[in-house]
Amino acid sequence: MKIIYLLSVGLLLPAGAHAVDLDVRNAAEFERCVSASAKLERLATDMKFVEGPQWVPSDGGFLVFSDIPSNELKQWTDKTGLSTFRNPSGNTNGNTIGNDGLLLSAEHGGRRISRTDASGSVVTVVDRFEGKRLNSPNDVVMSSDGAIWFTDPDYGLPSDPETKQKVGKELPGDFVFRFDPKTKVLSAAATDFKKPNGLCFSPDGRRLYVADSGAPRQIRGFEVSSDGSLKGGEVFAKIDKGGPDGIRCDSEGRVWSSAGDGVHVFSPAGELLGKILVPESPANLAFGGADMKTLYITARKSLYAVPVLVRGVR
Ligand code: MG
């Protein structure tokens, strides 16, 4: 069955499944993450710029992801392939699933965090900080206490062709935010990033990792206090090829980061264990499948998948 499926994918997509290219830095540790015989599949291509993959366990399970310039949320399942989930999407970028199972999205165009209700209607969760419009929310996660954490770099705002200044920017910086849905209070949790981008929690929820895709290009780690404030913020890992964008933790506390040449896997201590090399530069990634052991990668015009040996964290 598997062989027939792989053959059919190969026939449909000339550059379909092929043996994954690995750059191994710590063999004993990295072979626990991904098998050298795993196949990297290009599931779909010819999109514009894909981002924000998120596995949705309901309805049999499917992957949702963004094609930002196309103003479209896409959907992928093994059975039905690629389809449109929503258009227009408010130029959605990052997506996540809340503790209630509902989809939360960071919208560039909408300049907001939105929630897709069970009925399918899309509502604003938050779009202003101290009365000023957000820049262009980039990526979003929910903590175990139900708070919504997101990054707000200004990548999604248009630039004036002469001054190169961002047009319509109301905030004085590019912040990491925490929104408490119970109190409706939006707090700037970190204000010293150049371009805060991907973010993820450790499996126990006590650490928050945030990627800075500005300069320097690195991932920082914070301790999350019980009142929702952050402590620390030391450099966890530097990316040696391109920059970090989307990041995810696995169930054993490793951090998987997008980078210019593929997906870099770091130990909980920040050691680079190895890289999954990808033909196009990944912008984001998500664990999915019924066992959360498929790594989906959005990379420029294409969606890729590779089976891995560890479970991801939502
Ligand atoms: Mg991003």
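Is tryptophan 256 buried or exposed, and what is its relative accessible area? Tryptophan 256 is buried, with a relative accessible area of 0%. The close-ups below come from a predicted model, and this residue is a good place to start.

**View 1. Tryptophan 256 and phenylalanine 287 meet edge-to-face.** Here the two ring centres lie 5.2 Å apart, with 85° between the planes. Tryptophan 256 belongs to strand E23 (residues 255-259) and phenylalanine 287 to strand E26 (residues 282-288), so the pair ties together parts that are 31 residues apart in sequence. Like its partner, phenylalanine 287 is buried, in this case with a relative accessible area of 2%.

**View 2. The largest nonpolar core has 33 residues.** Trp256 turns up again here, among the residues with the most contacts inside the core, together with Ile276, Leu295, Tyr296, Ile297, Leu303 and Val306. Elements giving two or more residues to this core include strand E3 (39-44), strand E5 (62-67), strand E25 (272-277) and strand E28 (302-307). Zoom in on isoleucine 276 and, beyond its neighbours within four places in sequence, you will find contacts that include Val20, Phe30, Val34, Trp256, Leu295 and Val306. Another core, of 16 residues, lies apart from this one and has Val125, Val140, Met142 and Phe177 among its members.

**View 3. Phe129, Phe150, Phe175 and Phe177 make up one aromatic cluster.** The structure as a whole holds eleven aromatic pairs. In the pair of phenylalanine 129 and phenylalanine 175, the ring centres are 6.5 Å apart and the planes stand at 85°, so the arrangement is edge-to-face. Phenylalanine 129 sits in strand E12 (residues 128-129), while phenylalanine 175 is in the loop between strand E15 (148-151) and strand E16 (176-180), 46 residues apart. Both of these phenylalanines, 129 and 175, are buried.

**View 4. Arginine 220 lies over the face of phenylalanine 193.** For anyone setting up a distance readout, the separation from the ring centre is 4.3 Å.

**View 5. A magnesium ion has Asn138, Asn197 and Asp245 as its protein donors.** The donor atoms are OD1 of Asn138, OD1 of Asn197 and OD of Asp245, at 2.1 to 2.2 Å from the ion. Along the sequence, the donor residues follow the spacing N-x58-N-x47-D. Asparagine 138 is in the loop between strand E13 (132-133) and strand E14 (139-142), and aspartate 245 is in the loop between strand E21 (230-238) and strand E22 (247-249), so the two tie together parts that are 107 residues apart in sequence. Asparagine 138 and aspartate 245 are both buried.

**View 6. Glutamine 54 and arginine 248 share a polar contact between their side chains.** The contact spans 3.2 Å. Glutamine 54 is part of strand E4 (residues 50-56) and, at 2% relative accessibility, counts as buried. Leaving aside neighbours within four places in sequence, its contacts include Phe62, Asn95, Ile97, Arg248, Ala286 and Arg314.

**View 7. Some loops hold backbone geometry worth a second look.** Most residues other than glycine have a negative phi, and most peptide bonds are trans. Aspartate 46, although not a glycine, has a positive phi of about 65°; it is in the loop between E3 and E4 and is exposed at 70% relative accessibility. Arginine 300 also has a positive phi, of about 55°, and is partly exposed at 36% relative accessibility. The peptide bond from asparagine 87 to proline 88 is cis, with omega near 0°, and the one from alanine 215 to proline 216 is cis with omega near -5°.

Methods:
Residues numbered from 1 in each chain as written. Predicted model: local features only at pLDDT ≥ 70, side-chain atom pairs only at ≥ 80, totals over all residues. Heavy atoms only, no water. Phe/Tyr/Trp six-rings, centres within 6.5 Å; stacked < 30°, edge-to-face > 60°. Helix = DSSP H or I, 4+ residues; strand = E, 2+ residues; numbered from the N terminus. Buried < 20%, exposed > 50% of the residue type's maximum accessible area, 1.4 Å probe, protein only. Lys NZ or Arg CZ within 6 Å of the ring centre and 35° of its normal. Donors = N, O, S within 2.8 Å, 3.2 Å for Na, K, Ca; no water. Polar contact = N/O pair within 3.5 Å; in protein donor to acceptor, adjacent residues only side chain to side chain. Contact = heavy atoms within 4.5 Å. Core = buried A, V, L, I, M, F, W, Y, C linked by side-chain atoms within 4.5 Å.
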